[in-house]
Amino acid sequence: MKRSISVTVNGAKWTGDVEPRTLLVYFLRDTLGLTGTHVGCDTSSCGACTVLLDGQSVKSCTLLAVQADGESVTTIEGIGDAEHLHPVQTAFWEEHGLQCGYCTPGMIVSACDLLQRNPDPSEAEIREALSGNLCRCTGYQNIVKAVQHAAAAMRAPKMERERVGAPAD
Amino acid sequence: MAFTSMMGARVTRREDPRLITGRSTYVDDVKLVGTTYAAFVRSPFAHAKITRIDVSAAKASPGVLAAFTADDMRNVGDVPTAPQIEGLKVPKHPPLARGRVAYAGEPVVAVIAETPAAARDAADLVEVEYEELPAVVDLERAVAGAPYVHDEFGTNIAFTMEINGGDTESAFKNAAVTVSERLLNQRLAPVSIEPRGMVAHWEPGPQHLTLWSSTQIPHLLRTQMAVALGIPEHRVRSIAPEVGGGFGSKLDVYAEEIVAAFASRALDRPVKYVETRSESFMATVHGRDQIDLVEIAADRDGRISGLKVKILANLGAYHQLLTPAIPTLTALMVPGAYDIKNVAVTLHGLFTTEVPTDAYRGAGRPEATYLIERAIDLLAAKLGMDPAEVRRRNLIKKEQFPYASAVGLTYDTGDYHAAFEKALQLAGYDALRKEQEHGRSEGRLLGIGLSSYVEVCGMGPSSALPAPGWGSATVRMEPTGRVTVMTGASPHGQGEETTFAQMVSDRLGVPIDDVVVLHGDSAIVQYGIGTFGSRSTAVDGAALYRALDTVREKAMKIAAHQMEANVGDLEFKNGKIAVKGNPEKAMSIGEVAFAAFRGLNLPPDVEPGLEATRRFEPPNFVYPFGTHVCVVEIERATGAVKVLKYVAVDDCGNIINPMIVEGQIHGGIAQGLSQALYEEIVYDENGQLTNGSLLQYAVPHAGQLPMYELDRTVTPTDVNPMGIKGVGEAGTIGATPAVVNAVVDALAPFGIVNMDMPCKPERVWRVMSGHDGETNEKAAKS
């Protein structure tokens, strides 16, 4: 018995029917074709499927699609594209924060979630915030550096504005 | 080799834009019209006879197209294995179990349906009756005799290998000191974050199979699929799309790949299968799993005269592609970085009722390094010497290279002492020892661990491998001056799209953005052996180097003709082929490429086009080396191990991109450290996997790993024209014993000289408590 839901994904509203047992991650991947969100486990352990739900990071394998009814979802595709990279994406690139790339979308989404809550996290806070995302390639060092790099880059314009006395947004 | 600004530069990766934006295509992202989905019924028992299979209810389930058993696949070949070891016993290994199962998780029935859910639901309706047989999980019992995994062999010993170099018996007879220990090298799961997956697409019109697979070896997979399924090889195309990590576990040909292709041909529909993480734990190859008995003989000054090693290697139930070959690499590397003239090794490869082991990052060499590095520390403890000094006295000296090891390998180049001293200096070793002494007086449990490794990689000479070992590359200049490279490597995170483009930019003088590196598709790329054994740059990179040479030579000929000059009067400089002393008279490689394409005004003996395919057969392996220093502190109350410092000085010869090399070492150390502290696969006495999920199997998260301090020495190899060794596995190989040596060193006040991995808090606490009592507690504090 399908259920009708309405959900805004990466800014675009989608309305339609889904199976009640469909997990949010499969709705995103199979129904919407947003395959940047990955599946790496079956116990909500790896974090490869992390997306933002109303701005907060969630593991999209832990939610049903029907639970996103009326909410907004941001996937890695909505964080930024090649022409408009988000500072976190740029930082992962510049700091070599990825190798095989499979955990990367979830890792970037989790980092975005952290930096909007805490614009200047310590190394320990970064490691803690990313503890729900497993990476098997990097040993995490360059991921931590990428998040520090992104944090500095995202703070910089504001400091620049403060320096010149421009009004904060 | 010329070092322009490109070589040795920290060029950011050209792979990354698609990966950081979620715009890449992994196997599970491949969507074909009419795709069907496979689900597997797997054995719940470690060892059993199959007495009845009933698929009728599954077949009647909604959306189900077929349910296949071994009976349906009589004409399909076995899951292949490559090693040709003398006397090796090779059990039958049908893709779906035929009459019996030999590990829990072995595929028995494949259900194909219109949706993954329909397939999974129907798989639960399949009825299989089993008659249980005894499990075989204990290596020391398995080697002793019955029960057998494969009754037809009358033994669990799949093969025995003996290596004797020098006169070990005399060395032990005349030794002033000997030490011996039984070391466990526990079973690990590789856990690439992308599980295994595949899409098989049989097209009945052209009679053609395309297989997308998360594989490290697309061409070898294609050959093996053709053989197993009886499809002419030129009608099989194998594609490794974006692959989310492998670490050796995807250096294989799996039952599910054969079944998916068989099913696609039977149904004339695409068939997709992506394993769940739980299935991955039970049915994707594991790594390590040895019991190593090591004995070392030395004089009173700590100079080692002899080494005896007995290896019991757990092969699991069947031979996957390289299963029996992995522990032979252990046998060949037991002397490590030390000048030991007398070495005797006995290796038994043993069948058990567990999922097969095969390559996992390091593949046989981590076990060798672990046993020799632990043995060195045991010797130091027995002699009351500093373990650093024991290493210093036994490391092979620079002037001994090329070094013929007692077990028959020839180490190419090295300066082991240089890397060793650099690591000690970087770590501040002497100060650390003082800090430790002071800390101990305050009751702190500080430990310092060393590991000086050498490893064998750049797999490798074809004559020394169970598969071909050469590399291949094509360089094609397009009419517009762009460069297309096709490499026989199949990178899945290692970054060759970038490092190989750096090589092209360096050698042809084109901007790196004008280069694209293609890989992983048998319809596009000439035969390639794939990415494993830290081989891609040392072997396929060397083939690329040769192909670039060939292109340069032809370009010079064409340019000479076009500019009416002699080839000898030209030079290739700053991206131009110019007449020496007359830089105005010059052509770019792009202009030469267009001339070669247009086919006008070419020298009479030169064919149109500017393209070369070359191969490189390495004359030897390459031998990276280095020294790792780990400092830990143990919390007395909990047994928790905290890594305070991790220093690694590695030498992988010349380097194309230090950023990528450091990334490989970081990840390598993480996996080696994780074996030391966190990970172990545990089968119970019935052969049941007890921790087959990411909730139970401890893949470390960011909070459980330290920062790594890296430095390097550079000792080029003479095995390939670039002087490059491998780096993919070195970190893993070096790390594990450094960490365990540190933990054991921290526990020295308790009189402890050895403990088994992983050194997880509970185990460390028990070890401390077992030797505890008030006396030791006081001793630790005094």
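These questions and answers cover how parts of chain B in this predicted model are described.

User: Why are α6(B) and α7(B) called oblique to each other?

Analyst: Their axes cross at roughly 60°. Angles under 35 degrees count as roughly parallel, over 145 as roughly antiparallel, and 65 to 115 as roughly perpendicular. The rest are oblique, and α6(B) and α7(B) are therefore oblique to each other. The axes of α6 (residues 218-229) and α7 (residues 255-267) of chain B come within 10 Å. The crossing of α6(B) past α7(B) is right-handed.

User: Which residues make the contact of α6(B) with α7(B)?

Analyst: From α6(B) come M225(B), A228(B) and L229(B). From α7(B) come E257(B), I258(B), A261(B) and F262(B). Six of the contact residues are nonpolar, one is charged and none is polar.

User: What makes β7 and β8 of chain B edge strands?

Analyst: Each pairs on one side only. They are β7 (157-165) and β8 (177-188) of chain B. The sheet is open, with five strands in the order β7-β15-β14-β13-β8 (chain B) and mixed pairing. On average, neighbouring strands are turned by 10° against each other, direction ignored.

User: How do you know that β14(B) and β15(B) pair?

Analyst: Two strands pair if there are at least two bridges between them. Ten bridges join β14 (residues 304-316) to β15 (residues 342-351) of chain B. The two strands run parallel. N314(B) stands opposite L350(B) in β15(B).

User: Which helix packs on this sheet, and which strands are touched?

Analyst: Helix α9 (residues 325-333) of chain B packs there, touching β7, β13 (287-298), β14 and β15 of chain B. The direction of α9 makes about 165° with that of β15(B). An angle over 145 counts as roughly antiparallel.

User: Why is D289(B) called buried?

Analyst: A residue is buried if 20 or more other C-beta atoms lie within 10 Å of its own. D289(B) has 27, so D289(B) is buried. D289(B) is found in strand β13 of chain B. Phi of D289(B) is near 75°, a positive value in a residue other than glycine.

User: Is D268(B) buried or exposed, and how do you know?

Analyst: The cut-off for exposed is 12 or fewer. D268(B) has 11 other C-beta atoms within 10 Å, so D268(B) is exposed. D268(B) lies in the loop between α7 and β12 (271-274) of chain B. Phi of D268(B) is near 55°, also a positive value.

User: What is omega for the cis peptide bond from A146(B) to P147(B)?

Analyst: Omega is near 0°. P147(B) lies in the loop between α4 (139-144) and β7 of chain B.

Notes: Residues are numbered from 1 along each chain as its sequence is written. Chains are lettered from A and ligands numbered from 1 in the order in which they are written. This is a predicted model: local features need pLDDT of at least 70, side-chain atom pairs count only at pLDDT 80 or more; totals for chains, interfaces and linings use all residues. Axes are lines fitted to C-alpha atoms, for helices over the stretch in contact, and angles run from 0 to 180 degrees between N-to-C directions. Helices (H or I, at least four residues) and strands (E, at least two) are DSSP runs, numbered from the N terminus. A crossing is left-handed if the near helix is turned anticlockwise from the far one by less than a right angle, and right-handed if clockwise. Two residues are in contact if their C-beta atoms, placed from the backbone, lie within 7 Å. Ala, Val, Leu, Ile, Met, Phe, Trp, Tyr, Cys and Pro count as nonpolar, Asp, Glu, Lys and Arg as charged, and the others, Gly among them, as polar.
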